[in-house]
Amino acid sequence: MRLGLGRYRVGPMWLWKALLVFVAIAFAGQLLGVIFNKSLQQDRSRSLFSSDGQGPSLGSCRPHSHVMFLKTHKTASSTVLNMLYRYGEERDLCFALPLGYQFGYPLPFNAHRVKGYRGPHVAAFSIMGNHMRFNKPEVEKVMPVDTFYFSIMRDPVALAESSYAYYKAVAPAFKKAKGLGDFADNPRKYYDPRLRNNHYARNLLWFDFGLDHNANFSTTLARRGEAAVRRAFKLILVSEHFDQSMVLLRHALCWPLDAIVSFSLNARQQKPSGGSSWVGKAAAAQPPALALTDDQRLKLREWNALDWHLYQAFNRSFWNEVDRFGRTRMDQEVALLRTRRDVLARACLRDGGRPVEASRIRDKTIRPFQSGLVKILGYELQPGLDNATHQSCLRMIRPEIQYKDLLDARQFPRAAPQAAQAQAPAIPAGGDYVRKDPSSQLRTGELGVGEGGGVGGGTGEDRSRLSRSNNNNNNQTLLRDGGGKGKIK
């Protein structure tokens, strides 16, 4: 039977139509799948950083948005500053930022060191937290009257170990000693109060709080210093009890749980004989240069007697606060905090949050700065994170220096250094941070690397002031009887 030409065409026409319908259905399904996956990722991001991130109820309190943190040295203060940076950035708060990377340290703080400062309370600043030598009358010119002041302390022996490891190359007292134990056995053999950067070698906490760290110890002086700190600060954290400190801080500031969840920044590398591993700062096995006997630890406490008094006093106060909070309640909230940290570590970080050497971090913009005898580790983000989750996770691991650059660029877009977009700064230990950008200049009075390999920089006036400070610390002490400018309130 013969079939016409037209009948041969009809079959393929129907097949083509069926095929087109099938392709259309498949395309629509794929499109809907993409939309669904994006929505799912957004929902996951929202749920990751919102639903479980509020934590236990804080009652009817109102969050503090005016906060001043005295960032003491080698006390886990960089991790605390990261929390403040994150909280302020997410809420578009205004930061009191230094002209460089520190507020003229080690000179006493002056309000004119704040970028954008135009006079007492002219500009509305919300958060202040970069390194300074505390001087409350000047801080009060910058921060609102309802500002919440807090700081953090650490056992002076552990602090001395960290300070020696980090500032060995710039503190003359440390530079001359063969090791920390050698220094502890006879600190006066190496310590000269007139030499720049030797403040890192004695009563560093006392110095950061604006007090005379070279004063001879007496119980009366120590108690006066303690009382001055209590008047100035509403809360003192303890780095050895960091998680409990975060719970108290959360309730004091009335902030959500995620605001105080953190990953430990500046973790040290440990290299035992069986291979390499990492541990946090407080638990790191010490290299030979940092090894101490029990007798040498006692000697370091005696050498840093003013710091030891402060630490003991505020450690007792800390646990009194915990008792008022409730030990059982504290244990519950610490467990919740640690669980939340583990959840975010698994979601955000490679290898479940295991730190890696800076040189192995692919993204050079988040490599931590290196200084001293030990390697400082950083983190790598999980690949494939959606944009919202990536940004939230990145905030938690962004190193302090790069984070400050970012906030500076956003707050002062016209004045932002070009180098901030691409490269991390070079920082001489013991001085202020200095950019590799050749157009960058040291700000007045902030420290850089001098010609002789020492730490110098700043104007002649500032160098003269610093010299006077080192030659006669009694003239610089901010703890005095009665009233007067410079007294800590």
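Where is the place of Asn 203? In this predicted model, Asn 203 lies in the loop that runs between helix 7 (187-190) and helix 8 (204-208). The residue is not a glycine, yet its phi is positive, at about 45°. Asn 203 is also buried, because its relative accessible area is 1% and buried means under 20%. A second residue with a positive phi is Cys 254, which is not a glycine either and has a value near 60°. Cys 254 is placed in the loop between helix 10 (242-253) and helix 11 (257-260), and with a relative accessibility of 8% it counts as buried. Backbone geometry of another kind is found at Pro 106, where the peptide bond from Tyr 105 is cis, with omega near 10°. Pro 106 belongs to the loop between strand 2 and strand 3. As general background, most residues other than glycine have a negative phi, and most peptide bonds are trans.

The strands are considered next. Five of them form an open sheet with parallel pairing, in the order 2-3-1-4-5. Strand 2 (95-96) and strand 5 each have a single partner strand and therefore stand at the edges, with one side of each left without a neighbour in the sheet. At one edge, strand 2 runs parallel to strand 3 (residues 127-128), and the two are joined by two bridges; Phe 95 has Ile 127 of strand 3 as its bridge partner. At the other edge, strand 5 pairs in the parallel sense with strand 4 (residues 148-153) over four bridges. Within this pairing, Ile 152 is matched with Leu 237 of strand 5. Both faces of strand 5 (residues 235-238) are covered: Leu 235 and Leu 237 are buried on one side, and Ile 236 and Val 238 are buried on the other.

The nonpolar interior was then examined. In soluble globular proteins, nonpolar side chains tend to be buried together. The largest nonpolar core in the model has 68 residues, and Met 128, Val 142 and Phe 183 have the most contacts inside it. Helix 13 (residues 305-325) gives the largest share of this core, namely eight residues. Apart from this core lies another, of 44 residues, including Phe 69, Tyr 85, Phe 148 and Leu 349. The surroundings of Val 142 can be described in detail: beyond residues up to four places away in sequence, Val 142 touches Ala 96, Phe 109, Ala 111, Val 114, Tyr 117, His 121, Ala 123, Phe 125 and Met 128.

A polar residue with little accessible area is Asn 82, which is buried at a relative accessible area of 3%. Asn 82 is located in helix 2 (residues 77-90). A polar atom of its side chain lies 2.9 Å from the backbone oxygen of Arg 395. Residues up to four places away in sequence aside, Asn 82 touches Leu 265, Arg 395, Met 396, Arg 398 and Tyr 403.

Enclosed empty space was also identified. The structure holds four cavities of 30 Å³ or more, and the second largest has a volume of about 80 Å³. This second largest cavity is lined by 15 residues, with Leu 159, Ala 160, Tyr 200, Ala 201 and Asn 304 nearest its centre. The elements giving two or more residues to this lining are helix 4 (156-167) and helix 12 (294-303). Helix 4 provides the largest share of the lining, with four residues.

Terms used: Residues are numbered from 1 along each chain as its sequence is written. This is a predicted model: local features need pLDDT of at least 70, side-chain atom pairs count only at pLDDT 80 or more; totals for chains, interfaces and linings use all residues. Side-chain values use heavy atoms; hydrogens and water are left out. Buried means under 20% relative accessible area, exposed over 50%, partly exposed in between (1.4 Å probe, protein chains only). Two strands pair if DSSP finds at least two bridges between them. A polar contact is a pair of N or O atoms within 3.5 Å; within protein, one must be able to donate a hydrogen and the other to accept it, and residues adjacent in sequence count only if both atoms are side-chain atoms. Contact means heavy atoms within 4.5 Å. A nonpolar core is a set of buried Ala, Val, Leu, Ile, Met, Phe, Trp, Tyr and Cys residues joined through side-chain atoms within 4.5 Å. On a 1 Å grid over the protein atoms alone, a cavity is a set of points where a 1.4 Å probe fits but cannot get out, and a pocket is an open set with protein on both sides within 12 Å along at least five of seven lines; lining residues have an atom within 4 Å of a point. Grid points are joined across faces, edges and corners, and a volume is the space filled by probe spheres set on the points.
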